[in-house]
Amino acid sequence: MTLHLHLLTLSLSSIPFLLFLFLRLLRRRSASRRRPSPGGPAETPCPESHPIVGNLVGFLRNRHRFHDWVADMLSRTPSSTLRVNSFLGLSHGVCTSNPLNLQHLLSSSFPNYVKGSRYHAVLRELLGDGIFAVDGHLWSLQRKIASHEFTTRSLKHFISETVGREISDRLLPFLSRACDEGRVVDLQEALQRFAFDNICSVAFGVDPNCFAAEEASEEISGYNSAFVKAFDEAVENCSSRFMSPLPALWKLKRFFNLGSEKRFRSNIRVINEFAMDIIKSKEEQIESAATGRENGGEWSRRDRDLLSRFMSSSADLEFRDLEEKRKFLRDIVISFVLAGKDSTSTALTWFFWLMAAHPLCERKILKELSAATAASIPSGVKIFSYDELKSLHYLHAAVTESMRLFPPVPINSRLTVDDDVLPDGTHVGKGWFADYSAYAMGRSEEVWGPECREFKPERWLDGGDGGHDDDRQDVRFRPADQWKYPVFHCGPRMCLGKEMAYVQMKSVAAAVMAEFEVLPAADGGESGRRRMVDPPPYTLSLLLKMRGGLPVRLRRRRRRD
């Protein structure tokens, strides 16, 4: 009975709401006819747009390949920019893969393009006032603290040591058991376990031990499993909010606490409990060290994690009470998890799939690893140090190239503060969203040439021409213009964890490739040696995860005596 009353109330309340939408649509369509084109000789194209429904039909038809659909449309526009019209004209925006426009959005006119209310409304419950969801003073304050900590050499070496320990003690033994038993492993899921263990160790000094389960079929064990499940579902719900063609629907579900929004609210409670447990535990450690109940040398080793550094750096900040301070730290904790839990594991998943499809590149990496370990004991597992990783230029190029084609965050968005005109002449109205697609840019012939869809690490090396010269040993990595490669964002919001991410990805790639051949199980292990013509499907989410994971078989490499 209660449900019927809810539905009746919702139906009756929707009548004036729909009338309002209809009148608003008429007004906007009339205004759009009157507005002159300020952006040059031709209006910015709006492919697959229809009256009333906007781009909804095309979106629904291409939802399963959304990023490729966007890339295809952008490739057919004169300036790699297109207009976006939402259902009923409720919102307007642009999407671009033009490097000049990207520089304008993220640097030249940085104050005019903000995260804004749209971003904050979608992520408020999950990220709060964390660095990824805010602008202005709150952003600059956290950025200043983080910038200082991420540039310290002690943190870089701490990260490298932690990653190496997690690889040798957790990841490699897990993969070795699967190899010895001939089991198929979902490599994406295994890398997610590793990444969660690693980010918790680096960011909080906490060890979840997600590889505690002996059987590959078992899920992440311990009390952390509730958090991991809640966090993944919360991120997916936020993704659905972003992609919703009619945001009013999820807002109504949130208001009435129905369906996915009801589960989201429950998941946020689990996430908050996890974060607060970490913060309170860290507070106790600090208090214990301060009163001399804990050995000072031991504490000095443990306080190198990021949360301890943030708590120390923010000690002089003024808060109304302990609850406000903990809320500030809670948002930092969740931001760390979002940044470190799935981004590197997603990038590595695509990297290993590409390696299976490009055996020549795989051999070049193995040759580089062999040369780098020539002075090491051959019978041991080699874990590269921070300084040693910097010498692996071809591996660095291969990881970078894989992210060019499969960026972990495929599309990003800003909100326009005031009317503006982009460098290519595109008009952007006040309150419009301005999206930029790293996925489309990586596939842009205008940016990367006619071989833009080919996996060629050589394009990132000194003198690299896309050839396959196996004899060169003196190659060095050559970064590209950041506006052509927005994988780590650009401008003032450039990702501070970029170097940390490379350390983790290169460490994992080097250790796993040196020990195992990674063969896609779906192809019987061998026909995975295929090209880019048929990549696995991806999920429509904040991150470009492989749909269904990456099932693989592992074959141990023969060691040379």
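Axes are lines fitted to C-alpha atoms, for helices over the stretch in contact, and angles run from 0 to 180 degrees between N-to-C directions. Helices (H or I, at least four residues) and strands (E, at least two) are DSSP runs, numbered from the N terminus.

The model is predicted, with local features requiring pLDDT of at least 70 and side-chain atom pairs counting only at pLDDT 80 or more, while totals for chains, interfaces and linings use all residues. Residues are numbered from 1 along each chain as its sequence is written, and side-chain values use heavy atoms, with hydrogens and water left out.

**Confidence**

The average pLDDT (the predictor's confidence in each residue, from 0 to 100) of the protein is 84, and 82% of the residues score at least 70. Over residues 214-220 the pLDDT stays under 50, and the model has 14 contacts (heavy atoms within 4.5 Å) for them beyond four places in sequence. Residues 296-302 likewise stay under 50, with 9 contacts beyond four places in sequence.

**Helices H14, H15 and H16**

Helix H15 (residues 343-357) and helix H16 (residues 359-372) have axes that come within 5 Å and cross at roughly 110°. H15 is therefore roughly perpendicular to H16; angles of 65 to 115 degrees count as such, those under 35 as roughly parallel, those over 145 as roughly antiparallel and the rest as oblique. On the H15 side the contact is made by Phe351, Met355 and Ala357, and on the H16 side by Pro359, Cys361, Glu362 and Ile365. By class, this contact of H15 with H16 has 6 nonpolar, no polar and 1 charged residues. In this classification Ala, Val, Leu, Ile, Met, Phe, Trp, Tyr, Cys and Pro count as nonpolar, Asp, Glu, Lys and Arg as charged, and the others, Gly among them, as polar.

The axes of helix H14 (residues 322-341) and H15 come within 4 Å and cross at roughly 5°, so H14 and H15 are roughly parallel to each other. Here Ala339, Gly340 and Lys341 of H14 meet Ser343, Thr344 and Ser345 of H15. The residues of the contact of H14 with H15 comprise 1 nonpolar, 4 polar and 1 charged.

**The five-stranded sheet**

An open sheet of mixed pairing is formed by 5 strands in the order S1-S2-S8-S5-S3; two strands pair if DSSP finds at least two bridges between them. Strand S1 (81-85) and strand S3 (113-114) stand at the edges with a single partner strand each, so one side of each is left without a neighbour in the sheet. Helix H4 (residues 99-108) lies across S1, strand S2 (92-96), S3, S5 and strand S8 (433-437), and runs at about 125° to S8.

**The three-stranded sheet**

A further open sheet, of 3 strands, has antiparallel pairing and the order S4-S10-S9. Its edges are strand S4 (185-186) and strand S9 (516-520), each with a single partner strand, so one side of each is left without a neighbour in the sheet. Helix H7 (residues 153-181) lies across S4, S9 and S10, running at about 85° to S10.

**Antiparallel strand pairs**

The table lists bridge counts and residues that stand opposite each other in the two sheets.

| Strand pair | Bridges | Opposed residues |
|---|---|---|
| S3 and S5 (residues 411-416) | 2 bridges | Valine 114 and leucine 415 |
| S4 and S10 | 2 bridges | Aspartate 186 and proline 551 |
| S9 and S10 (residues 551-556) | 5 bridges | Including proline 520 and valine 552; valine 518 and leucine 554 |
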